[in-house]
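Here are a few short exercises to work through with the model open. Try each one before reading its solution.

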Amino acid sequence: MIRTQSIEPVYGSNMSDQGREIDPLNDPEVVRLLALNLELAIKNLVSSKSSPECLVLTADICTHKLMAMPTADGDIKVLVFES
């Protein structure tokens, strides 16, 4: 279902801490795949030329929370937060 109303941010208490970048050698496969999917979703939204000014995608799995956002230099930053 697609929501058309304003969605409140999902920043929990763990999100106030500093996240870390993906560690391709030590992070579980599910975390790496989820980070890749978030990165691709951001790229697709930005390339569609209709993305909002402030774009942040979050995902929550049992052991980790991930947050992806575009950076000023055109790159995409994905942060991992331990639960």
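**Exercise 1.** Find which residues Leu 34 is in contact with, leaving aside its neighbours within four places in sequence.

*Solution.* Count a contact when heavy atoms lie within 4.5 Å. That search turns up Ala 59, Ile 61 and Leu 66 for Leu 34. Before going on, note that this is a predicted model, where local features need pLDDT of at least 70, side-chain atom pairs count only at pLDDT 80 or more, and totals for chains, interfaces and linings use all residues. Residues are numbered from 1 along each chain as its sequence is written, and side-chain values use heavy atoms, with hydrogens and water left out.

**Exercise 2.** Work out which element gives the most to the largest nonpolar core.

*Solution.* Take buried (under 20% relative accessible area, 1.4 Å probe, protein chains only) Ala, Val, Leu, Ile, Met, Phe, Trp, Tyr and Cys residues and join them through side-chain atoms within 4.5 Å. The largest such core has 12 residues, among them Leu 34, Ala 59 and Leu 66. Helix H1 (29-47), strand S3 (64-70) and strand S4 (76-82) each supply at least two of them; helices are DSSP runs of H or I with at least four residues, strands E runs with at least two. H1 comes out on top with 5 residues.

**Exercise 3.** Trace how S3 pairs with S2 and with S4.

*Solution.* Pairing takes at least two DSSP bridges. S2 (residues 57-60) and S3 are antiparallel over 4 bridges, with Ala 59 facing Leu 66 as bridge partner. S3 and S4 also run antiparallel, joined by 7 bridges.

How values were computed: Buried means under 20% relative accessible area, exposed over 50%, partly exposed in between (1.4 Å probe, protein chains only).
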